[in-house]
Amino acid sequence: MSNTKHSAADATSWFLSTARERLARLLDPGSFTEFLTPTERVQSPHLALFDLPAAFDDGMIVGRGRLETRNVLVAAQEGQFMGGTFAEVSGAKLVGLLRAARDDARLPRIVLLLLDSGGVRLQEANAGELAVAEVMRAIVEARSSGVTVIALIGGRAGAFGGAGLTAATCSRIVISEQGRTGVSGPEVIETNKGVEEFDSRDKALVWSVTGGRTRRLIGGADAYAEDTVAGFRDAVLALISHAPSVDLAMLRAEHTRLAGRAERLGACNSALEMWAQLGIAEPRAVRDMDDAAFAAIVTGLTGADHDAR
Amino acid sequence: MTLDEILSSLFPTGHGIKPRPNHLILGTGKRVDGGTVEVVGIADGEALGIEGVLPLAGRVLDIVATGSKAPILVIVDTQGQLMSRRDEMLGLNEYLAHLAKCLLLASRSGHPTVGLNYGKAVAGAFLATALATDILVALPDAEPSVMDLPSMARVTKLPEDKLKELSQTSPVFAPGLVFMKAVGAVAQVWDPAKPLADQFEATLAVVPARDTRDALGAERGGRPIAAQIARRVAHQASGGDDV
């Protein structure tokens, strides 16, 4: 794409990578600098209560680097540690990064959030919940100071609960086919409301409700990335130059957009019905078509592209 | 306290908040000095889904559009986000975040926002409403939480008794007002025996200009290191050595 050569690692799966692999491969080689590195051993003071092992980064890596020579701040959740959850330490690291972006105009004006999280860590539920509230507020404040915050969703844990709300607070959302986002996960809905409401073992159903393609089609994500490091990088680069700000006009536009979606698609009983309602000629083909064919369908679809977030 | 008792005590000179079939609270009340308080919220423990979010967010945007600086009171009793395949399919995360953003815009636009939790306040619905305000207060019978203890026991695979025992030594995870206060989420607990109107005025006088909830959690010991970690990250990001 330009003057910074990435390696064959560009083709590696985002879904299968760890948070540190994603950062190292997404950013220009050698450009990543971490804040509060694992050598500082900042770990959860609470997990020991539950006889659970802690991690020296608490599953949240924050720092700065370059993306095709542009300076960026970055945060990445490790979905394989406690489900990438928001907790006292992991949440505070992200809060600190966002507040720095908000307050220090010398810092990069772009923040990338590599989300991979089931939401709030139950073992630290109160601290985690509050951290999400602080993150959401800090994102709005940073955006109001001219910072663009982009969420990248394509990890095993997806972006659910507080992570789903965090993503939707960002300026832009990039998602892959394997990326999933929402509030209550299918298992939680099944446990609380019964298998008739949501059969969490029906993988095709789960994907059609929460997966990357349907989110992109209804305008719930702003870009669709191939499940590779290069796929996510290209999608971010395509979005980076222009992002909506948080003001009354934008939120009115978001309101109209969301109310319109509820009105237009609210009576649909399945994702297939939604896709048909959106004007997709062969909704059944959406699931199995390749990424290029899917991208072609998205182009020109009303409501998929907008500045109302 | 019931919602009616709360509203009478908050607005002794009267208010225009009628009970609504959809359990949403929308209207205005009068301050002791005659000024207007904009009131939005959700009552009766109702779950917050798309149909609840839209009128609330729309009302907040209309308030911002007036250009007034009237305070906004967000009254909350909700069992949490609506658990529904339909709402998830439509992107409930975007709707809940939209409501939070509208409230945050209001506070940035000069409306002091005060959350008041009198019943339940759970998980995603809590984030979209009461936790998106400048300051959150509660009545003593409020039950803010992320998840109830039996469900938490199921997910963490720990016996409920063990969780109850652990909650005695750590406020960081267990549901309830005492713990949410300790971590800094709830700033004040109002006294139902005294006029709420006076307590509302007193709260309005101390609405913080910045997010101070992590500092509060450190002071109260419920969230011992969050504030310090956020500061350290920001300091290192700005090129300083660790503090």
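Modeller: A salt bridge here is a side-chain nitrogen of Lys or Arg within 4 Å of a carboxyl oxygen of Asp or Glu, and by this rule the count in this predicted model comes to 35 over all chains.

Colleague: What makes the pair A:Asp57 and A:Arg20 a salt bridge?

Modeller: The N to O distance between the side chains of A:Asp57 and A:Arg20 is 3.0 Å, and the rule asks for a nitrogen and a carboxyl oxygen within 4 Å, so the pair qualifies. A:Asp57 lies in the loop between β1 and β2 of chain A, whereas A:Arg20 lies in helix α1, so the pair ties together parts that are 37 residues apart in sequence.

Colleague: Why is A:Asp57 called buried, and why is A:Arg20 called partly exposed?

Modeller: Buried means under 20% relative accessible area, and because A:Asp57 has 12%, it is buried. A:Arg20 stands at 33%, and since partly exposed covers what is in between that limit and over 50%, A:Arg20 counts as partly exposed.

Colleague: What are the burial classes of A:Arg216 and A:Asp305?

Modeller: With a relative accessible area of 6%, A:Arg216 is buried, while A:Asp305, with 53%, is exposed, the cut-off for that class being over 50%. The side chains of A:Arg216 and A:Asp305 meet in a salt bridge at 2.5 Å, N to O. A:Arg216 lies in helix α7 and A:Asp305 in the segment after α11, so this pair ties together parts that are 89 residues apart in sequence.

Colleague: Helix α7 also holds A:Arg213; why is A:Arg213 called buried?

Modeller: The relative accessible area of A:Arg213 is 0%, which places it in the class defined as under 20%. The side chains of A:Arg213 and A:Tyr224 are joined by a polar contact of 3.0 Å, and that class of contact requires N or O atoms within 3.5 Å.

Colleague: How do you know that salt bridges also cross from chain A to chain B?

Modeller: The rule finds 11 across the interface of chain A and chain B, one of them being B:Glu94 with A:Arg257, at 2.9 Å, N to O. Both of these residues belong to a network of salt bridges that also links A:Asp222, A:Glu254, A:Arg261, A:Arg309 and B:Lys101.

Colleague: How many residues of chain A are in contact with chain B?

Modeller: On the side of chain A, 86 residues are in contact with 75 residues of chain B, and the two chains bury about 6900 Å² between them, 63% of it on carbon and sulfur atoms.

Note on methods:
Residues are numbered from 1 along each chain as its sequence is written. Chains are lettered from A and ligands numbered from 1 in the order in which they are written. This is a predicted model: local features need pLDDT of at least 70, side-chain atom pairs count only at pLDDT 80 or more; totals for chains, interfaces and linings use all residues. Side-chain values use heavy atoms; hydrogens and water are left out. Buried means under 20% relative accessible area, exposed over 50%, partly exposed in between (1.4 Å probe, protein chains only). A polar contact is a pair of N or O atoms within 3.5 Å; within protein, one must be able to donate a hydrogen and the other to accept it, and residues adjacent in sequence count only if both atoms are side-chain atoms. Contact means heavy atoms within 4.5 Å. Buried area is the accessible area (1.4 Å probe) that two parts lose on being put together, summed over both. Helices (H or I, at least four residues) and strands (E, at least two) are DSSP runs, numbered from the N terminus.
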